[in-house]
Amino acid sequence: MKAQIAALLIVAVTVGHAAKFPDSFSRCGQEDGKCLLAAITATFRSFYKGVPEIGLVPLDPLRIDKMDIVQGDGPINIELNFRKVDLVGFREAQIKKASGFTANPTKMELNLLVPVASLIGGYKINGKVLILPIQGQGSSNMTMVNCDITLKWVGKLVDKNGKQFFQVDKSKANFDTSRFYMDFTNLFNGDKALGDNMNVFLNENWQDILKELKPAIAAAFTKIFEAVVSNVFNKVPYSELYLA
C-alpha cells in the first residue's frame, strides 16, 4: 500500500483521477504494518508543506475554513464559531496505529500522537462557562499537549467506471490530551480586565471545561475528517493506493 495513504486521508483536498505519487514517497507492501507506521510518520516530517503533484495540501499548518462547537446542556452552554483557523503541530505527529488497509477493507483506523497541537485563528463565542457568562469576537489560540487522535471509518469498495473506489459510510473521531490551554482576545467587547480574568478562569478550570466540550469538539472533528476522507477515496481508485 502506498505508505502515505493515511496522511492523505487526513489532509488532502483534491487528488487527480490518475494519482501520480512522487518517487520520493516510500512504499509499503499490503498490510505491512511496521513499514506503514514508519513511512506515514516520515511523511509528516518531510512533506508537511504539501505535495502539489497529488493534491496533498500542507499538513502544518492545516487550514480549516469553518469549525463550530455548540454545547447546549450542562454547566457549559456556548456557541463557539471558528473561521479560517490553522491547526498547527502535525509536522511532529507520530503514527501509533494504522489498521484495516487491506485488499477488501471495511473498517479502517488511524491513531496519531501530536506533541503540541494548536488551533489558531478567528473566533466568535457567546454563552455561559460554568457560572460565568462569556462573549467576544477576535483571535484565539486553543492548544492541546500530547494530543492523541483516533480516526475510525467504515465503508466498502464500489465499482465506478471499471475501477473500485472505497466508499465511506460512517466515521468517528476521538481525542485525548494531557493539557488544554485557551486564550481569547477581545472578550467582552475589549474590556481587558474582564477578558484577562476570563482567560485565567478558563485555564484554571480547563479539565472541567474540556470534559463538557469534548463531545462537541469530537463531533466537529468527525465532520471535517469525514469530508476529507470521502473526497480522497472518491477520487483515487483503491488499487492505486497499494504497492504494485
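**Stop 1: the second largest cavity**

Select Ile78, Leu80, Ile125, Val129, Ile134, Met142, Met182, Phe184, Leu202, Ile209 and Leu213, and you have the lining of the second largest cavity in this predicted model. Colour by element next: strand E2 (76–88), E4, E5, strand E7 (179–184) and H4 each give two or more residues to that lining. What kind of side chains are these? By class, the lining has 11 nonpolar residues, with no polar and no charged ones. The space they surround comes to about 70 Å³.

**Stop 2: the largest cavity**

Keep Met142 selected, since it is also listed in the lining of the largest cavity. Now add Met67, Ile69, Leu87, Leu119, Met144, Phe180, Ile217 and Phe221 to finish that set. Strand E1 (62–71), E5 and helix H4 (206–235) each supply at least two of these lining residues. Here the count by class is 9 nonpolar, no polar and no charged residues. The volume is about 90 Å³. How many cavities of 30 Å³ or more does the structure hold? There are 5.

**Stop 3: zoom out for a moment**

Switch to a cartoon view of the chain. You should find 4 helices and 7 strands, and from the N terminus on they run α-α-β-β-β-β-β-β-β-α-α. Of the 244 residues, 49% are buried. If you switch on contacts with a separation of 6 or more, 71% of them join residues 24 or more positions apart.

**Stop 4: a pocket with charge in its lining**

For something open, select Ser99, Gly100, Lys107, Met108, Glu109, Lys152, Trp153, Val154, Lys170, Ser171 and Lys172, which line the second largest pocket. The pocket holds about 150 Å³ of space. Strand E4 (107–129), strand E5 (132–160) and strand E6 (163–176) each bring at least two residues to it. By class, this lining has 3 nonpolar, 3 polar and 5 charged residues.

**Stop 5: Phe166 and its neighbours**

Two of the pocket residues, Met108 and Trp153, turn up again here as contacts of Phe166. Phe166 itself lies in strand E6. Is it buried or exposed? Phe166 counts as buried, because its relative accessibility is 0%. Leaving aside neighbours within four places in sequence, show its other contacts too: Pro105, Thr106, Val154, Gly155, Lys156, Leu157, Phe233, Asn234 and Tyr238. Draw a distance between the C-alpha atoms of Phe166 and Phe233: you should get 5.4 Å, though the two are 67 residues apart along the chain.

**Stop 6: three asparagines**

Start with Asn111, in strand E4. Its relative accessible area is 8%, so Asn111 is buried. Apart from residues up to four places away in sequence, Asn111 touches Gln94, Ile95, Lys96, Lys97, Asp148, Ile149 and Thr150.

Next, go to Asn146, which lies in strand E5. Check its backbone: phi is near 50 degrees, a positive value in a residue other than glycine. Asn146 counts as partly exposed because its relative accessibility is 38%.

Then pick Asn186, in the loop between E7 and H3. Its phi is positive as well, near 60 degrees. At 41% relative accessibility, Asn186 counts as partly exposed.

**Stop 7: helix H3**

From that loop, carry on along the chain to the start of H3, where a side-chain oxygen of Asp191 reaches to within 3.3 Å of the backbone nitrogen of Ala193. Helix H3 covers residues 192–204. How far apart should the ends of a helix of 13 residues be? At 1.5 Å a residue, H3 should span 18 Å, and its end C-alpha atoms are 18 Å apart, so the two agree. Which of its residues are buried? Select Gly195, Met198, Asn199, Phe201, Leu202 and Asn203. Leu202 will be familiar from the lining of the second largest cavity. As you look down the helix, keep in mind that an α-helix has 3.6 residues a turn, so residues three or four places apart point the same way.

**Stop 8: helix H2**

Finish with H2, residues 33–46. Try the end-to-end check again: 14 residues at 1.5 Å each should span 20 Å, and the end C-alpha atoms are 20 Å apart, which agrees. For the buried residues of this helix, select Leu36, Ala39, Ile40, Thr41, Thr43 and Phe44.

Key:
Residues numbered from 1 in each chain as written. Predicted model: local features only at pLDDT ≥ 70, side-chain atom pairs only at ≥ 80, totals over all residues. Heavy atoms only, no water. Expected span 1.5 Å × (residues − 1). Buried < 20%, exposed > 50% of the residue type's maximum accessible area, 1.4 Å probe, protein only. 1 Å grid on protein atoms, 1.4 Å probe; cavity = no way out; pocket = protein on both sides within 12 Å on 5 of 7 lines; lining within 4 Å. Points joined across faces, edges and corners; volume = space filled by probe spheres on them. Nonpolar A, V, L, I, M, F, W, Y, C, P; charged D, E, K, R; others polar. Contact = heavy atoms within 4.5 Å. Polar contact = N/O pair within 3.5 Å; in protein donor to acceptor, adjacent residues only side chain to side chain.
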